[in-house]
Amino acid sequence: MARPGNKIIQAKLVLLGDMGTGKTSLVLRFVKGQFFENQEPTIGAAFFTQILSLAEATVKFDIWDTAGQERYHSLAPMYYRGAAAAVVVFDIASKDTFIRAKKWVEELQRQGNSNLVMALVANKSDLEPSREVDTEEGEEYAQENGMFYIETSAKTAENINDLFYEIAKRLAKACPSKPSTMNLNNEVQRRRKLFCCFG
């Protein structure tokens with residue numbers, strides 16, 4: 001629920017990463033608290049919404065979960081264009097998915113939204129014995145590229161909420177508070193308030 005007098009930020013968030021890294025599982029765990037061992041691959045993209053209430057703002061996420069298969073790669077710009085936040089996911093037990101994650105980061109940097117909040121997510125932390133990407137390696141890459149790094153497990157729910165709360169906090173910080181003297185019946189003004197600096 002939005003807190004009275006709180007600013008509202010509507011933010012488009014996109015998930016990118018290789019097939020099988022657990023993007024859909026991350027979102028389902030966050031939005032519905034669910035986890036399925038055999039999640040079907042996403043076709044094209046899937047859409048979810050979720051609201052987070054922070055002390056400083058209420059963030060309404062419009063989440064686009066993109067398909068990881070190579071054949072859908074060309075559709076990705078349609079989803080990350082105009083995004084306020086991007087979550088780039090790799091599997092800690094697969095070095096290849098980390099290499100692909102770096103390519104997504106480069107692509108996002110090329111498309112040039114300097115205000116984009118980016119997270120590098122090492123998913124499947126429950127597969128620790130099979131780890132192929134060290135925490136230090138992920139942290140270092142994220143730091144060099146102005147992202148924050150977090151290790152998650154959709155299976156155990158580890159750090160899933162922390163990931164989205166951190167994004168929400170960064171969006172709230174990037175979105176200056178405006179005095180709330182708007183007439184909420186006026187649709188144009190309402191939308192201006194909703195979209196803040198990510199309209």
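**Exercise 1.** In this predicted model, determine whether Ala157 is buried, partly exposed or exposed, and state what is notable about its phi.

*Solution.* The relative accessible area of Ala157 is 33%. Buried requires a value under 20% and exposed a value over 50%; Ala157 is therefore partly exposed. Its place is the loop between strand S6 (148–151) and H5. The phi of Ala157 is near 75 degrees, which is positive although the residue is not glycine. Most residues other than glycine have a negative phi.

**Exercise 2.** Carry out the analysis of accessibility and phi for Lys124.

*Solution.* Lys124 lies in the loop between strand S5 (117–123) and helix H4 (135–144). With a relative accessible area of 23%, Lys124 is partly exposed. Its phi is near 70 degrees, a positive value in a residue other than glycine.

**Exercise 3.** Compare the expected span of helix H5 with the distance between its end C-alpha atoms, and find on which side its buried residues lie.

*Solution.* Helix H5 comprises 15 residues (160–174), and at 1.5 Å a residue it should span 21 Å. The end C-alpha atoms are 22 Å apart, in agreement with that expectation. The buried residues of H5 are Ile160, Leu163, Phe164, Ile167, Ala168, Leu171 and Ala172. They cover an arc of only 165 degrees around the axis, so they lie on the same side of H5. An α-helix has 3.6 residues a turn, so residues three or four places apart point the same way.

**Exercise 4.** Establish whether Arg100 is buried or exposed, and identify its contacts beyond four places in sequence.

*Solution.* Arg100 belongs to helix H3 (residues 95–111). Its relative accessible area is 16%; since buried means under 20%, Arg100 is buried. Leaving aside neighbours within four places in sequence, Arg100 is in contact with Asp18, Glu70 and His73.

Technical notes: Residues are numbered from 1 along each chain as its sequence is written. This is a predicted model: local features need pLDDT of at least 70, side-chain atom pairs count only at pLDDT 80 or more; totals for chains, interfaces and linings use all residues. Side-chain values use heavy atoms; hydrogens and water are left out. Helices (H or I, at least four residues) and strands (E, at least two) are DSSP runs, numbered from the N terminus. The expected span of a helix is 1.5 Å times one less than its number of residues. Buried means under 20% relative accessible area, exposed over 50%, partly exposed in between (1.4 Å probe, protein chains only). The arc is that of the directions from the helix axis to the C-beta atoms. Contact means heavy atoms within 4.5 Å.
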